[in-house]
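Reader: I should be grateful for a close examination of a single part of this model, namely the site that holds the ligand. Please set out its surroundings and contacts in full, and then place the site within the rest of the chain.

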Amino acid sequence: MSDIKWLPREFGVKDHHLWGEDIFSKEAPGVIFEKKPIIDPQGNAVEGLYSAWVTLNNPNQYNSYTTEMVKAVIAGFHRASADTSVVACVFTAVGDRAFCTGGNTKEYAEYYARRPNEYGIYMDLFNAMVDAILTCKKPTICRVNGMRVGGGQEIGMATDLTVSSDLAIFGQAGARHGSAPDGGSTDFLPWMLPMEQAMWNSVSCELWSAYKMSRLGLITKCVPVLKENGEWICNPLVITDKYLDGGQLVYGEFKAGDEAKAAKDKIKSMSADFERLDKEIDNILWTFTNLFPGCVIKTIEGIRLKKKFYWDQAKVINRHWLAANMNGEAFLGFNAFNTKKLTGRDTIDFIEFRRRQVNGDAFDDEFMAAVLAKPKK
Ligand SMILES: CC(C)(COP(=O)(O)OP(=O)(O)OC[C@H]1O[C@@H](n2cnc3c(N)ncnc32)[C@H](O)[C@@H]1OP(=O)(O)O)[C@@H](O)C(=O)NCCC(=O)NCCSC(=O)C1=CCCCC1=O
C-alpha cells in the first residue's frame, strides 16, 4: 500500500469546553460571554473568525466581581482558549464608570471577613481566574472602559495588552481597605512600571490617570471618549498639553483646584463614546488575525513566562496570608468601606489603630470598635 488511508481515524471536531453556557448571564451581577466577528479595515465582518468578549456586568458596584462572577470569568477565558474560531479574547465591562474595582467589598465584609477558611477557598478561585487569563491560548486584550482598581487592576494586568478610555484611572486599594495587592499586582507591577513607581503606586493607593499610565508604559494606549462640538477632546481633568511645569514632569497628572472642579462638572455633563476605543481594539484584532496563530501564541507565552515567574510562586503562599488576614486588618478595612453610608467614613481610624499597637493592646472586639467609625444617629 502506498498511502496511509488504512489507518483507523476518528473524524469530527471534539468539544473541549469544561462549562456550558449557563455559567454566563446577562443579568447583573454576572459575566457575559459573546463572540463578535473580526472586522477588516474596510469595516466588513470576516466570516467564521471571531473575538471572544468576556464582559463583567455589575455596574452598580463598579463591576467588582462576586464569587459567582469569578467562576464565570474562568469559564470565559477557558471557552475562548478552546474555541478555534476565536482569534483573541477581549476583557471588558459594562458601562462607562468602571472596568472593575476588584473583589466585591460587600461580600468581603459581610461574608468572608472572619471566615478565613472560606476566603482561602475563594482565593483558590481568584488564583484560577488570573491563571485562566495568563494561560489562555489566545492573545488577551483588556478594554478599559473606566476605573481599574484593586483586584480589577490585577486581572487587567494579567492580560497581554491594555487599551483604555482616557477617563479611566488605575491603582490599588488594598492597604487602605485592609488587604495587600497580592492578587497579581505585587508580581506584575515591578515588570510593568519602574520599581519605584511600582512601589509607590501599590502602597499609596493613589489612582493614576490613563495618560500617566500610558506614559509610564503600564498600558499600550489611551484614547479620548468625549466629544465637544463634534470634536474629540482629551480628558479635561488631566494635563495633556504640556510635559513640564517648574521643571517637573506634569503630563498625565491631575489638574487641581478650580480647574479640576470645572473639568469634573464638564465631564458630568457629557457622555462617553467608545468609538475610538473600539476602533483600536478592531485594529489589534485585525493585526492578530493576519499573523500565524502558533507563532503568535508562542511569542506571547514567552513574554507571559516572565510575568508568571513571580506570580506562580507567590500565589501559593499569598493565598494563606490573605485568608488569615480576613480575621484582622481585612475585617476592619472592608467593614469600614462597606458601612460608609451608615457612618460617613470609608476607612478606619489609622492613628488610633497605630496607638493601640504601640500600647500592645489585644486585637479584640473592643480594639475593633475603637477604630471603626460609629453609625450616624
Ligand atoms: C476609589 C473607588 C474605586 C471609587 O470611589 P468613588 O468614585 O468615590 O465611588 P464609590 O462611591 O466609592 O463607589 C460607587 C459605588 O460602587 C460601590 N463599589 C465600588 N467598589 C466596589 C467594590 N469593589 N465592591 C462592591 N461595591 C463597590 C460603592 O460601594 C458605591 O456603591 P453605593 O451603593 O454606595 O453607591 C472606591 O469605590 C473604592 O475604593 N472601592 C473599593 C475598592 C476595593 O477596596 N476593592 C477591593 C480591593 S481587595 C481585592 O480586590 C483583592 C483581590 C484579590 C486579592 C486580594 C484582594 O484583596
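Author: The account below begins with the ligand and then turns to the chain around it.

The model is a predicted one, and the distances and areas given here are computed from it. In this model the ligand sits in the largest pocket. Several elements give two or more residues each to the shell around the ligand: α2 (105–112), α3 (116–134), α4 (151–157), α12 (329–338) and α13 (340–343). The shell consists of 26 residues, and those that come nearest to the ligand are T101, T105, H177, S179 and K340. By character, the residues of this shell divide into 11 nonpolar, 12 polar and 3 charged.

Three polar contacts may be described individually. At T105, a polar backbone atom lies 2.9 Å from a nitrogen atom of the ligand. T105 is also among the residues that come nearest to the ligand, and the range of α2 (105–112) begins with its number. At H177, the contact is made by the side chain: one of its N or O atoms is 2.8 Å from an oxygen atom of the ligand. At K341, a polar side-chain atom is 3.2 Å from an oxygen atom of the ligand. As for the area involved, the ligand taken alone exposes 1000 Å², of which the protein buries 77%.

The domain assignment places the site in a wider setting. Domain 1 comprises 21–225 + 272–325, and domain 2 comprises 339–371. The C-alpha centres of the two domains lie 33 Å apart. By these bounds, T105 and H177 fall in domain 1, whereas K341 falls in domain 2.

Helix α14 (residues 350–358) also falls within the bounds of domain 2. At the start of this helix, a side-chain oxygen of D349 reaches to within 3.2 Å of the backbone nitrogen of I351. After α14 comes G360, which has a positive phi, near 70 degrees.

Two backbone features elsewhere in the chain deserve mention. Most residues other than glycine have a negative phi, and most peptide bonds are trans. Y62, in the loop between β2 (45–57) and α1 (67–82), has a positive phi near 50 degrees. A28 and P29 are joined by a cis peptide bond, with omega about -5 degrees, and P29 is found in the segment before β1 (30–39).

Notes:
Residues numbered from 1 in each chain as written. Predicted model: local features only at pLDDT ≥ 70, side-chain atom pairs only at ≥ 80, totals over all residues. Heavy atoms only, no water. Near = heavy atom within 4 Å. Polar contact = N/O pair within 3.5 Å; in protein donor to acceptor, adjacent residues only side chain to side chain. Areas by Shrake-Rupley, 256 points an atom, 1.4 Å probe, with all protein chains shown as cover. 1 Å grid on protein atoms, 1.4 Å probe; cavity = no way out; pocket = protein on both sides within 12 Å on 5 of 7 lines; lining within 4 Å. Sits in = over half its atoms within 2 Å of the grid points. Helix = DSSP H or I, 4+ residues; strand = E, 2+ residues; numbered from the N terminus. Nonpolar A, V, L, I, M, F, W, Y, C, P; charged D, E, K, R; others polar. Domains from an automatic or database assignment.
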